[in-house]
Amino acid sequence: MKAGIVGLPNVGKSTLFNCLSNAKAQSANFPFCTIEPNIGVVNVPDRRLEKLESLVNPERVLPATVEIVDIAGLVKGASKGEGLGNQFLGNIRETDAILHVLRCFDNENIVHVDGNINPVRDKETIDMELQLKDLETADKKLEKVKRAAKTGNKEAQKEEAALLKVKHALEAGQSVRAVDLTEEERAEFIRPLQFITDKPVMYVCNVNETDAVSGNEYVDKVKEAVKGEGAEVLVLAVGTEADITELEDYEERQMFLQDIGLDEPGSAKLIRGAYKLLNLQTYFTAGVKEVRAWTIPVGSTAPQAAGVIHTDFEKGFIRAEVIAYDDYVSFGSEAKVKEAGKMRVEGKEYIVKDGDVMHFRFNV
Ligand SMILES: Nc1ncnc2c1ncn2[C@@H]1O[C@H](COP(=O)(O)OP(=O)(O)OP(=O)(O)O)[C@@H](O)[C@H]1O
Ligand SMILES: [Mg+2]
């Protein structure tokens with residue numbers, strides 16, 4: 001599962017990537033600095049993990065991770081091959097969620113490819129290119145389906161109807177995620193086509209240091225423009241945070257953050273947001289050797305969760321012993337939780353909850 005960073009050229013995508021990931025991407029003040037995508041594995045900050053560490057005192061602690069991809073900037077006409085359009089759009093198709101960076105800062109030294117600062121227009125430019133690309137996908141598929149539909153194939157007729165809804169919405173400037181489709185239409189016909197504008201999105205407003213806490217007028221306009229989408233809008237002083245990430249010393253980083261009015265890096269919030277956007281959640285294993293966060297899709301069953309550790313755990317799954325995170329913390333140790341009768345034994349059907357601390361019993 002991975003989230004891709006998209007936006008116009010020179011808006012701060014690679015700089016954002018650099019505050020998230022230890023892998024360093026080249027960032028510079030000229031458009032199309034990035035050509036090949038940069039891929040980084042990012043630790044998901046989670047205070048619960050720190051709490052468990054303090055209770056268990058393990059030899060090591062392993063956080064959950066999420067993959068972030070820094071993609072080349074898109075420009076108007078990308079869907080028709082402008083810039084390096086088509087190739088870049090291919091890189092976006094391979095991701096599972098989109099972090100859309102919008103330039104919300106004034107700075108005469110940093111070139112804007114369209115001449116002035118207007119994040120709402122920029123968003124529309126990017127959306128339109130993504131929508132045009134999706135339209136191409138829909139048209140191609142429709143051509144095939146139409147023939148089968150004409151012969152009276154019922155399934156093909158249903159598919160044609162769903163695709164036509166999507167086509168018309170895209171032509172009207174809507175994204176696929178906003179199209180009114182039945183659950184069945186989505187699952188059977190639309191999701192398999194991996195439309196770019198069907199992927200969940202979060203907007204990242206890149207602001208100056210002074211606006212890191214309360215945003216600015218540009219941010220307000222973005223919020224107003226995306227109100228109907230239900231998407232999250234995050235305010236982040238990307239340039240400043242990248243500088244702070246460079247500091248070796250933890251105390252020094254905290255001081256800098258406090259100076260700009262933050263108690264944790266905005267990038268931490270963003271990573272958690274990306275994790276949620278990907279529809280992922282965490283369960284923990286907590287032993288003296290290792291306290292570890294494991295990543296599973298929301299709605300996973302206990303055997304599926306066990307399978308993330310090892311396929312044998314899933315195949316030979318017998319049962320899971322589960323402690324709710326809050327119980328673990330309020331009783332202070334596994335032994336005390338057991339004494340209090342708060343440890344549950346769950347079977348194959350159990351849907352794992354975020355934060356569960358788990359042991360698996362299995363048989364191979
Ligand atoms: N909030 C900010 N304030 C001032 N300058 C910034 C801010 N964010 C990024 N920059 C600067 O903007 C320039 C472009 O940044 P970056 O290389 O990250 O853009 P990009 O979106 O990756 O561009 P490309 O699409 O060309 O790869 C860099 O010089 C960076 O330092
Ligand atoms: Mg870049």
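**Exercise 1. Strand pairing around S9**

Work out in which sense strand S3 and strand S9 pair, and over how many bridges.

*Solution.* Start with the residue ranges: S3 covers residues 60–62 and S9 covers residues 290–297. Now follow the pairing in this predicted model: the two strands run in the parallel sense, joined over three bridges. To pin down the register, look at Val61, which sits opposite Val291 in S9.

Next, take the pairing of S9 with strand S8, and find its sense, its bridge count and the connection between the two strands.

*Solution.* S8 spans residues 280–286, and its pairing with S9 is antiparallel, over seven bridges. For a register check here, go to Gln281, whose bridge partner in S9 is Ile296. The connection from S8 to S9 is a hairpin through three residues.

**Exercise 2. Two asparagines with positive phi**

Asn10 and Asn279 both call for a look at the backbone; say which sign phi has in Asn10 and in Asn279, then decide whether each is buried, partly exposed or exposed.

*Solution.* Step one, the torsions. Asn10 has a phi near 65°, which is positive even though the residue is something other than glycine. Asn279 isn't a glycine either, and its phi is positive at about 65°.

Step two, the location. Asn10 belongs to the loop between strand S1 (2–6) and H1. Asn279 lies in the loop between helix H10 (266–277) and S8, the strand that pairs with S9 in the antiparallel sense.

Step three, the neighbour count. The cut-off for buried is 20 or more other C-beta atoms within 10 Å. Asn10 has 21 C-beta neighbours inside 10 Å, so it counts as buried. Asn279 has 14 other C-beta atoms within 10 Å, so it comes out as partly exposed.

**Exercise 3. A helix with little cover**

Find how many of the ten residues of helix H9 are buried, and check the phi of Gly261 after it.

*Solution.* H9 runs over residues 250–259, and the number of buried residues in it is zero, so the helix is hardly covered. Past H9 comes Gly261, with a positive phi near 95°. For context, buried residues account for 37% of the 364 residues in the protein chain.

**Exercise 4. The shell around ligand 1**

List the residues that come nearest to ligand 1, and say which helix gives the most to its shell.

*Solution.* There are 25 residues around the ligand, and the nearest are Ser14, Ser27, Thr34, Gly73 and Gly239. Then sort by element: helix H1 (13–20) and helix H8 (238–246) each put in at least two residues, and H1 gives the most, with three. Finally, sort by type: the shell splits into eleven nonpolar residues, 13 polar ones and one charged.

**Exercise 5. The whole chain**

Describe the chain's overall build, then ask how far apart the centres of domain 1 and domain 3 are.

*Solution.* Count the elements to begin with: the protein chain has 14 helices and twelve strands. Its radius of gyration is 23 Å, close to the 21 Å from the globule rule for 364 residues, so the chain is as compact as a globular protein of that length. Along the principal axes, the C-alpha atoms fill a box of roughly 65 × 65 × 35 Å.

Now the domains: domain 1 (2–116 + 199–277), domain 2 (127–197) and domain 3 (299–362). Taken over C-alpha atoms, the centres of domain 1 and domain 3 are 34 Å apart.

Last, the confidence. The chain's pLDDT averages 92, and 98% of the residues score at least 70. For the complex, the predictor gives an ipTM of 0.98 and a pTM of 0.90.

Methods: Residues are numbered from 1 along each chain as its sequence is written. Chains are lettered from A and ligands numbered from 1 in the order in which they are written. This is a predicted model: local features need pLDDT of at least 70, side-chain atom pairs count only at pLDDT 80 or more; totals for chains, interfaces and linings use all residues. A residue is near a molecule or strand if its C-beta atom, placed from the backbone, lies within 6 Å of it. Helices (H or I, at least four residues) and strands (E, at least two) are DSSP runs, numbered from the N terminus. Ala, Val, Leu, Ile, Met, Phe, Trp, Tyr, Cys and Pro count as nonpolar, Asp, Glu, Lys and Arg as charged, and the others, Gly among them, as polar. Two strands pair if DSSP finds at least two bridges between them. Domain bounds come from an automatic or database domain assignment. pLDDT is the predictor's confidence in each residue, from 0 to 100. The radius of gyration is taken over C-alpha atoms; the globule rule is 2.2 Å times the number of residues to the power 0.38. A residue is buried if 20 or more other C-beta atoms lie within 10 Å of its own, exposed if 12 or fewer, and partly exposed in between; C-beta atoms are placed from the backbone.
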